[in-house]
Amino acid sequence: MFPISVLASGMNQELVSYSWIFPNVATNGHWWYSNIPAYIEIDCRSRLQAVPQSKQIGYYSDMYKLEFALPKFGMYRQVLARVLAEDFVVARAWSEDRALELGRMVLRDNVERIFPARQEQVCGP
């Protein structure tokens, strides 16, 4: 699987198309140029509408200071919650549990599946 991000939000449509067409391409977060709620929300909406749910990695960042992690991830979680509430629970009449399941898949499950933890070899007698 090739997780790909784009430099600018304007390129998101191309990434969405590639992820939809090619079985080995996954959308991967938002590069710092477009790492603000206004752009992330548009990108998040289009990705959830067009890309298979199992091919989305909701958020990563090129943060270079550890203290940026929590606020940046919190920002994405707020955007994702708003998109799931408006576009899935309200507009599509999904249950809250179903929307939460999609959120968990995008935030955690896909990451664990696409980037499996490396198993250390244990040498025994």
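**View 1. Tyr18 in helix α1.** At 39% relative accessibility, Tyr18 is classed as partly exposed. The model shown here, and in every view below, is predicted. Tyr18 sits in helix α1, which covers residues 12-21. This helix residue is also one member of a nonpolar surface patch.

**View 2. The nonpolar patch on the surface.** Four residues make up this patch: Tyr18, Trp20, Ile21 and Phe22. Together they offer about 460 Å² of accessible area. Why can Tyr18 count as partly exposed? Its relative accessibility is 39%, and the partly exposed class lies between the 20% and 50% limits.

**View 3. The negative patch.** Glu96, Asp97, Glu101 and Asp109 form a negative patch on the surface. Where does Asp109 lie? Asp109 belongs to helix α4, residues 96-114. Its relative accessible area is 36%, so Asp109 is partly exposed.

**View 4. Ala93 in the loop before α4.** The loop between α3 (69-90) and α4 holds Ala93. Its phi is near 60°. That is a positive value in a residue other than glycine. Is Ala93 buried or exposed? Ala93 is exposed, with 68% relative accessible area.

**View 5. Order of the elements.** The protein contains 4 helices and 3 strands. Starting at the N terminus, the order reads β-α-β-α-β-α-α. Helix α1 spans residues 12-21 and includes Tyr18. Helix α4 spans residues 96-114 and includes Asp109. Between α3 (69-90) and α4 runs the loop that carries Ala93.

**View 6. Extent and packing of the chain.** The C-alpha trace spans about 60 × 35 × 30 Å along its principal axes. Of the 125 residues in the protein, 36% are buried. How many of the contacts between residues at least 6 apart in sequence join residues at least 24 apart? The share is 69%.

**View 7. Surface and charge.** The accessible surface of the protein is about 8100 Å². Carbon and sulfur atoms account for 60% of that surface. The side chains include 13 positive and 13 negative ones. The centres of these two sets lie 2 Å apart. On the surface, Glu96, Asp97, Glu101 and Asp109 gather into the negative patch of View 3. Tyr18, Trp20, Ile21 and Phe22 supply the nonpolar patch of View 2.

Definitions and conventions. Residues numbered from 1 in each chain as written. Predicted model: local features only at pLDDT ≥ 70, side-chain atom pairs only at ≥ 80, totals over all residues. Heavy atoms only, no water. Helix = DSSP H or I, 4+ residues; strand = E, 2+ residues; numbered from the N terminus. Buried < 20%, exposed > 50% of the residue type's maximum accessible area, 1.4 Å probe, protein only. Contact = heavy atoms within 4.5 Å. Areas by Shrake-Rupley, 256 points an atom, 1.4 Å probe, with all protein chains shown as cover. Lys, Arg positive; Asp, Glu negative; His and termini not counted. Charge placed at Lys NZ, Arg CZ, Asp CG, Glu CD. Patch = residues over 30% accessible without salt bridge, like charges linked within 9 Å, V, L, I, M, F, W, Y side chains within 5 Å. Salt bridge = Lys/Arg side-chain N within 4 Å of Asp/Glu carboxyl O.
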